[in-house]
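Student: Could we go through this one together, slowly? I would like to start with the side chains.

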Amino acid sequence: MRRFFLALLSAALLAGGTLPVRAADAVATFALVADDHAQSERVVSFGQMFRDGGMPAGTAPNVTLNGAPASAQLDAKAFYSDGSVRHGVLSIRVPPMAEGDTLQGAIFAGGAAPVPATAYAPTPDLGFTLTTRPGTPAA
């Protein structure tokens, strides 16, 4: 049976433990553990809470796994009154892991949120004039 555990910052803090990742500017930390089977490269998604102002409006997350940058996407689901993200679904591309491997992760408030790769052209003016002649039968 494949099992893949995600240990979040809140779990470690509630248990009174310390986290191996010491990233001063991280808005959250987590650990990914491949406990009983090797894991191929994949995307892992999980819900993540943020402190008020921790992930400001219009910013994208920067994620590191064992200190190396990892591709990530945040789908914000709830917001604070200032527009910062309160809760979202974070998806991270995780490299292959051998049985028993642990990846220490950190989430940072990044730069501007990405702009779609395809910019849509402005909608053309589709105005038209319809002229009818009285007494002309309808088609």
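**Contacts across the chain**

Tutor: Let us begin with Glu41, which counts as partly exposed because its relative accessibility is 46%; please keep in mind that this is a predicted model.

Student: Which side chain does Glu41 meet in a salt bridge?

Tutor: The partner is Arg93, and the N to O distance in this salt bridge is 3.9 Å. Arg93 is partly exposed as well, with a relative accessible area of 44%.

Student: Where do Glu41 and Arg93 sit along the chain?

Tutor: Glu41 lies in the loop between β2 and β3, while Arg93 belongs to strand β7 (residues 85-94), so the salt bridge links distant parts of the chain, 52 residues apart.

Student: And how many salt bridges are there?

Tutor: The count comes to one salt bridge.

Student: OK, new topic: how many aromatic pairs does the structure hold?

Tutor: It holds one aromatic pair. The partners are Phe30 and Phe46, whose ring centres are 5.4 Å apart, and because their planes stand at 55° the pair is described as tilted. Phe30 is in strand β2 (residues 28-34) and Phe46 is in strand β3 (residues 42-49), with their positions 16 residues apart in the numbering.

Student: Is Phe30 buried or exposed?

Tutor: Phe30 counts as buried, at 2% relative accessibility, and Phe46 is buried too, with a relative accessible area of 8%.

Student: What about Ala60, which strand is that in?

Tutor: Ala60 is found in strand β4 (residues 59-65), and at 16% relative accessibility it counts as buried because the cut-off for buried is under 20%. Its C-alpha atom is separated by 6.0 Å from that of Gly111, although the two residues are 51 residues apart along the chain.

How values were computed
Residues are numbered from 1 along each chain as its sequence is written. This is a predicted model: local features need pLDDT of at least 70, side-chain atom pairs count only at pLDDT 80 or more; totals for chains, interfaces and linings use all residues. Side-chain values use heavy atoms; hydrogens and water are left out. Rings of Phe, Tyr and Trp (its six-membered ring) pair if their centres lie within 6.5 Å; planes under 30 degrees apart count as stacked, over 60 as edge-to-face and the rest as tilted. Helices (H or I, at least four residues) and strands (E, at least two) are DSSP runs, numbered from the N terminus. Buried means under 20% relative accessible area, exposed over 50%, partly exposed in between (1.4 Å probe, protein chains only). A salt bridge is a side-chain nitrogen of Lys or Arg within 4 Å of a carboxyl oxygen of Asp or Glu.
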